[in-house]
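Reader: Before I plan around this model, could you take me through its core and its charged pairs?

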Amino acid sequence: QVQLVESGGGLVQAGGSLRLSCAASGRNFSTYTMGWFRQAPGKERECVAAISQSGCSIYYGDSVKGRSTISRDNTKNAVYLQMNSLKPEDTAVYYCAADDIPVITVAHMMGGGMDYWGKGTLVTVSS
């Protein structure tokens, strides 16, 4: 069992940056694939970024590619999402998620496939 708590969301102007953090509790964090997902009102959930157990494999959704960086610190049981050049369309609730499959899968890339989810943190980008 893994508990995930996101932080770092808030209101930011377009063009600004935010760093989201996800603190994980429970055992075996280093064995999980971790991901950041988002869901805007009226839209389907999408995968923003995912990072494999080892950190050697990383996926970015097309909407954030080139503007975001996912990282993990297995010594701190934490995963991060640095988002730059934010746009109003980045406004959404951002969720941290974990999967005990150690590699990124197609299901992850399609916005699901995770075993554990945080409650989310709201990111609002003003124009």
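The questions below deal with the nonpolar cores and then with the salt bridges.

Author: This is a predicted model in which local features need pLDDT of at least 70 and side-chain atom pairs count only at pLDDT 80 or more, while totals for chains, interfaces and linings use all residues. Residues are numbered from 1 along each chain as its sequence is written, and side-chain values use heavy atoms, with hydrogens and water left out.

Reader: Which residues touch the most other members of the largest nonpolar core?

Author: A nonpolar core is a set of buried Ala, Val, Leu, Ile, Met, Phe, Trp, Tyr and Cys residues joined through side-chain atoms within 4.5 Å, where buried means under 20% relative accessible area, exposed over 50%, and partly exposed in between, with a 1.4 Å probe and protein chains only. The largest such core has 29 residues, and strands E1 (2-7), E3 (18-26) and E4 (33-39) are among those that each supply at least two of them, strands (E, at least two residues) being DSSP runs numbered from the N terminus, as are helices (H or I, at least four). Those that touch the most other members are Leu4, Met34, Trp36, Leu81 and Tyr94.

Reader: Which residues are included in the second, separate core?

Author: This second core is separate from the largest one and consists of six residues. Those included are Ala50, Ala97, Ile104 and Met114.

Reader: Is Asp90 buried or exposed?

Author: Asp90 is found in the loop between E8 and E9, and its contacts (heavy atoms within 4.5 Å) include Arg38, Val64 and Val123. Because its relative accessibility is 1%, Asp90 counts as buried.

Reader: With which residue does Asp90 form a salt bridge?

Author: A salt bridge is a side-chain nitrogen of Lys or Arg within 4 Å of a carboxyl oxygen of Asp or Glu, and in this pair the closest N and O atoms are 2.8 Å apart. The partner lies in the loop between strand E6 (58-60) and strand E7 (68-73), so the pair ties together parts that are 23 residues apart in sequence. The partner, itself buried with a relative accessible area of 12%, is Arg67.

Reader: Which residues are linked in a network of salt bridges?

Author: The structure holds four salt bridges, one of which joins the side chains of Glu46 and Arg38 at 2.7 Å, N to O. Glu46 is partly exposed at 30% relative accessibility, whereas Arg38 is buried at 5%. The residues linked in the network are Arg38, Glu46, Arg67 and Asp90.

Conventions:
Lists of a residue's contacts leave out its neighbours within four places in sequence.
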